[in-house]
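Student: I should like to understand the terms applied to this protein model. Could we take them in turn, setting each value against its definition?

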Amino acid sequence: MEYDDRNDRTIRFEQIAHAEIKTLTTLANRVLATNPSLSVLQEPHPQLIMQQVTDPVEHQQFNLGEIVVTPAEVSINDAQGFAMYPGKQERAALSGAIIDAAVAGNHTHAEIIQNKLDTVDERRKQQRDETWSESQHTAVEFETMENEL
């Protein structure tokens with residue numbers, strides 16, 4: 001994935017939320033090794049949020065139910081970072097926020113971090129496509145009864 005606009009964080013938020021915890025902590029530790037000025041603005045604490053989905057027939061949103069997520073927010077060298085990681089994952093959320101702040105603030109490792117997130121994201125999409133193609137052979141085509149009447 002080509003990620004041109006580093007000010008548009010929507011894609012990065014999704015990449016962080018889907019990355020493995022080990023990847024996030026490795027990248028965050030790389031940033032922290034440069035000894036930046038770090039402030040934790042929102043400590044990571046699991047909380048419930050409402051999951052909304054869109055009905056595929058009526059195209060209306062509805063509340064599916066509550067899910068557990070862990071948000072965190074930091075400031076690194078005056079650049080703010082935020083992450084929300086699924087489940088009770090304080091380390092992943094804090095690491096994700098550090099990564100977001102590093103990329104948003106154009107940290108020394110920002111390019112390396114974004115390239116790694118892009119690679120992880122491409123791998124996830126490739127796995128999803130492979131899973132989808134494997135399930136295609138289970139599709140059933142139904143005949144209409146028009147010819148029989």
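**Terms and evidence**

Tutor: Both Asp 100 and Arg 12 are buried. The model is predicted, so local features need pLDDT of at least 70 and side-chain atom pairs count only at pLDDT 80 or more, while totals for chains, interfaces and linings use all residues. Residues are numbered from 1 along each chain as its sequence is written, and side-chain values use heavy atoms, with hydrogens and water left out.

Student: Why is Asp 100 called buried?

Tutor: Buried means under 20% relative accessible area, exposed means over 50%, and partly exposed lies in between (1.4 Å probe, protein chains only). Asp 100 has 0% relative accessibility, and therefore counts as buried. Arg 9, with a relative accessible area of 24%, is partly exposed. Of the 149 residues of the chain, 30% count as buried.

Student: What makes the pair of Arg 9 and Asp 100 a salt bridge?

Tutor: The term requires a side-chain nitrogen of Lys or Arg within 4 Å of a carboxyl oxygen of Asp or Glu. In the pair of Arg 9 and Asp 100, the closest N and O atoms are 2.3 Å apart, and the pair forms a salt bridge. Arg 9 lies in the segment before helix H1 (10–18) and Asp 100 in helix H3 (residues 90–104), so the pair ties together parts that are 91 residues apart in sequence. Helices (H or I, at least four residues) and strands (E, at least two) are DSSP runs, numbered from the N terminus.

Student: Which salt bridge does Asp 100 form with helix H1?

Tutor: Asp 100 also forms a salt bridge with Arg 12, where the closest N and O atoms are 2.7 Å apart. Because Asp 100 lies in helix H3 and Arg 12 in helix H1, this pair ties together parts that are 88 residues apart in sequence. By the salt-bridge rule, the count comes to 5.

Student: How do you know that Glu 14 and Arg 124 meet in a salt bridge?

Tutor: The N to O distance between the side chains of Glu 14 and Arg 124 is 3.4 Å, and the rule asks for within 4 Å. Glu 14 lies in helix H1 and Arg 124 in helix H4, so parts that are 110 residues apart in sequence are tied together. Salt bridges that share partners join Glu 14, Asp 121, Arg 124 and Lys 125 into one network.

Student: What makes the space lined by His 18, Glu 20 and Thr 23, among others, a pocket?

Tutor: On a 1 Å grid over the protein atoms alone, a pocket is an open set of points where a 1.4 Å probe fits, with protein on both sides within 12 Å along at least five of seven lines; lining residues have an atom within 4 Å of a point. The largest pocket holds about 200 Å³ of space, a volume being the space filled by probe spheres set on the points, which are joined across faces, edges and corners. Arg 124 is one of its lining residues, and helix H4 (residues 110–136) supplies the largest share, 5 residues.

Student: How is the lining of the second largest pocket divided by class?

Tutor: Ala, Val, Leu, Ile, Met, Phe, Trp, Tyr, Cys and Pro count as nonpolar, Asp, Glu, Lys and Arg as charged, and the others, Gly among them, as polar. The second largest pocket has 8 nonpolar, 2 polar and no charged residues in its lining. Strand S2 gives the most, with 4 residues. The lining of the largest pocket divides into 1 nonpolar, 3 polar and 4 charged residues.
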